[in-house]
Amino acid sequence: MYSMTKPTSLPLAGHGAPAGVLRGGKGAAPAAVPPAVDGDERTRDRVLSAVLEHGPVSAAELGDLLGFTPAAVRRHLDHLSRSGVIEVKRVARAGAGAGRPARRYVLSSQGQSTLGDDYLNIASTALKQLEEMAGADAVRTFAVERFAEMERRYAPEVEAAGTDITARAQALSAALSRDGYVASTASIEAKAPLPAALSSVQLCQGHCPIQQLAAQFPVFCDAETETFSRLVGVDVRRLSTLARGGHVCTTHIPTGRPAATVAETTRAVTDNLDEVSNHLQERP
């Protein structure tokens with residue numbers, strides 16, 4: 001867990017000290033921080049820590065976790081949102097006619113930086129060196145293997161939904177949301193005179209834990225799209241991604257034909273990994 005408590009010491013007079021600091025005399029001391037202000041800082045640190053650990057998380061869930069009243073937790077969430085360190089993601093509620101999408105809070109990119117999380121720089125540097133030493137195919141292998149682990153975990157869940165594409169997409173959405181991607185699905189029914197085969201599902205992801213990394217290495221988005229295609233059992237198409245400036249990641253999933261079986265899904269991911277690995281071995 002990252003330490004987020006801010007230092008409480010104040011600058012000396014004459015060196016950028018804030019209002020309220022005594023000036024002009026020997027032994028001048030900073031004024032005491034009002035207890036209420038200091039308490040708010042510490043409370044916001046707790047809220048920020050909880051969002052980092054449990055996000056995407058609702059205000060009600062945060063209140064239960066921290067023992068705060070709904071009004072108190074929303075006041076601190078509003079402050080953190082205005083500061084830019086957290087952001088709101090909207091998640092569609094389960095079930096038909098379930099009302100407006102639920103609000104969930106996640107750490108923003110600025111929030112990650114505020115907490116001193118330098119994983120992005122480390123990962124980016126490592127992948128750049130990998131690309132320089134072994135070529136772009138090595139980076140692709142890394143991306144494919146990363147999503148292969150996701151695919152192995154999700155495949156039984158998606159397969160349990162049966163052969164209906166919409167049901168499989170919903171199962172995939174639920175699995176993604178559990179892993180923090182803030183996912184949802186929306187069915188788009190083709191109306192006459194268009195054939196029913198043109199009906200589709202749009203799978204949306206409101207959060208991406210590797211968004212900035214994927215912006216530098218789009219192969220991560222490509223590998224994820226291929227993974228979704230194998231899981232639902234049909235060819236899918238990416239309409240937008242967070243990494244490329246989209247508001248959400250949106251995947252178009254046609255629902256006009258039956259899905260592949262789990263055996264075909266498993267064989268596809270295995271063959272894909274073998275193909276990439278063999279290609280690398282053939283490099284001079």
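Q: In what order do the four strands of the open sheet stand?
A: This is a predicted model, where local features need pLDDT of at least 70, side-chain atom pairs count only at pLDDT 80 or more, and totals for chains, interfaces and linings use all residues. Residues are numbered from 1 along each chain as its sequence is written, and side-chain values use heavy atoms, leaving out hydrogens and water. Strands here are DSSP runs of E with at least two residues, helices are runs of H or I with at least four, both numbered from the N terminus, and two strands pair if DSSP finds at least two bridges between them. With antiparallel pairing, the order is β3-β4-β6-β5.

Q: Which strands stand at the edges of this sheet?
A: An edge strand has a single partner strand, so one side of it is left without a neighbour in the sheet. That is the case for β3 (183-188) and β5 (237-240).

Q: Which residue in β6 is the bridge partner of Cys204?
A: Happily, this pair is easy to find: strand β4 (residues 200-205) and strand β6 (residues 249-254) pair in the antiparallel sense over six bridges. In β6, the partner of Cys204 is Thr250.

Q: At what angle do helix α7 and helix α9 pack?
A: Axes are lines fitted to C-alpha atoms, for helices over the stretch in contact, and angles run from 0 to 180 degrees between N-to-C directions. For α7 (residues 165-178) and α9 (residues 219-232), the axes are 9 Å apart and the angle is about 130°.
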